[in-house]
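Visitor: I'd love a close look at one part of this model, taken slowly and with its surroundings included. Could you choose a metal site and walk me through it?

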Amino acid sequence: MEKQTGQCLCGEIRYSFTDEPIAAAHCHCLDCQKATGCGFATVFGLAGQDVELFGQESLGEFTLKARSGLSVTRLFCQNCGSPMFTKAENNPDFIWIKAGSLDQSDWLKPTDSCWTGSAVIWAQADPTTTHHRGNPE
Ligand SMILES: [Zn+2]
Ligand SMILES: [Zn+2]
């Protein structure tokens with residue numbers, strides 16, 4: 001597909017890719033609610049090698065064991081605090097990117113909603129997506 005770009009709020013972290021994302025989903029887990037300050041996180045996934053990253057030295061990271069039992073590392077801009085990427089220990093070569101960081105995202109079509117059991121009343125799971133009680137298989 002056409003080259004896509006994204007960045008954090010301050011612009012220190014930037015990325016680009018040309019491959020179609022392998023997945024796109026809304027995550028309603030409690031960790032994503034805390035980490036984003038929002039009702040859910042919308043993310044898309046790519047093989048890490050397919051993402052060109054700029055300003056990597058400004059990335060901070062925080063690792064926590066998620067309720068799924070997996071260690072999840074969340075990467076954010078140390079300058080402006082924007083949440084940017086997530087990596088899970090079971091698939092370290094895969095990178096989840098926060099959809100709101102895209103410069104242009106009209107093309108993105110999330111297909112799944114994860115951890116819908118913890119969806120808050122004011123940000124319910126998107127009925128046009130497939131709902132999962134946990135992570136999709
Ligand atoms: Zn930033
Ligand atoms: Zn989550």
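Guide: Happily; what follows starts at one zinc site and works outward from there.

Please keep in mind that this is a predicted model. Our part is the site of the zinc ion (ligand 1), where the sulfur (SG) atoms of Cys8, Cys10, Cys77 and Cys80 coordinate the metal at 2.3 to 2.4 Å. The angles among the four donor atoms run from 105 to 114 degrees, and the site is tetrahedral. Along the chain, the donors are spaced as C-x1-C-x66-C-x2-C. The site thus ties together distant parts of the chain: Cys8 sits in the loop between strand S1 (4-7) and S2, while Cys77 belongs to strand S7, 69 residues away.

How covered are these cysteines? Cys8 is buried, with a relative accessible area of 3%. Cys77 is buried too, at 1%. Both values lie under the 20% cut-off, so both residues count as buried.

Let's stay with Cys77 for a moment, in strand S7. Setting aside residues within four places in sequence, Cys77 is in contact with Cys8, Cys10, Glu12, Ile13, Ser58, Ser82 and Met84. Two of those partners, Cys8 and Cys10, are also donors to the zinc ion (ligand 1). As for Glu12, its C-alpha atom is 7.5 Å from that of Cys77, although their positions lie 65 residues apart along the chain.

Ser82 deserves a stop of its own. This residue is found in the loop between S7 and S8. With a relative accessibility of 13%, Ser82 falls under the 20% limit and therefore counts as buried. Beyond its neighbours within four places in sequence, Ser82 is in contact with Cys8, Leu9, Phe76 and Cys77. Two of these, Cys8 and Cys77, are donors to the metal.

Now step from the site into the nonpolar interior. Ile13, which we met as a contact of Cys77, is listed among the residues with the most contacts inside the largest nonpolar core, along with Tyr15, Phe44, Leu46, Phe85 and Ile97. This core has 18 residues. At least two of its residues come from each of strand S2 (14-17), strand S4 (41-47), strand S7 (71-77), strand S8 (83-88) and strand S9 (94-98). Apart from this core lies another, of eight residues, including Ala25, Ala41, Cys114 and Trp115. Back in the largest core, what does Phe85 touch beyond four places in sequence? Its partners are Ile13, Tyr15, Leu53, Leu59, Thr73, Arg74, Leu75, Ile95, Trp96 and Ile97.

Strand S7 also leads us into the sheet. Eight strands form an open sheet with mixed pairing, in the order S6-S7-S8-S9-S4-S3-S10-S11. Strand S6 (59-65) and strand S11 (130-131) stand at the edges with a single partner strand each, so one side of each has no neighbour in the sheet. S8 and S9 pair in the antiparallel sense over two bridges, and Thr86 stands opposite Trp96 in S9.

Further along the sheet, S3 and S4 are paired antiparallel over five bridges. There, Thr42 in S4 is the bridge partner of His26. S3 also pairs with strand S10 (residues 112-114), in the parallel sense over three bridges, with Cys27 standing opposite Cys114 in S10. Strand S3 (residues 23-27) is mostly covered, as four of its five residues are buried.

Cys27 brings us to the second metal for a comparison. The zinc ion (ligand 2) is coordinated by the SG atoms of Cys27, Cys29 and Cys32, at 2.1 to 2.3 Å. Here the donors follow the spacing C-x1-C-x2-C along the chain. Cys27 and Cys29 are both buried, and Cys32 is buried as well, with a relative accessible area of 8%.

One last point, since we have passed so many cysteines: a search of the whole structure finds zero disulfides. To return to where we began, the sulfur atoms of Cys8, Cys10, Cys77 and Cys80 are the donors of the zinc ion (ligand 1), in a tetrahedral site.

Notes: Residues numbered from 1 in each chain as written. Chains lettered and ligands numbered in written order. Predicted model: local features only at pLDDT ≥ 70, side-chain atom pairs only at ≥ 80, totals over all residues. Heavy atoms only, no water. Disulfide = S-S within 2.5 Å. Buried < 20%, exposed > 50% of the residue type's maximum accessible area, 1.4 Å probe, protein only. Core = buried A, V, L, I, M, F, W, Y, C linked by side-chain atoms within 4.5 Å. Contact = heavy atoms within 4.5 Å. Donors = N, O, S within 2.8 Å, 3.2 Å for Na, K, Ca; no water. Pairing = 2+ DSSP bridges. Tetrahedral: all angles 85-135°; square planar, octahedral: opposite > 155°, others 65-115°.
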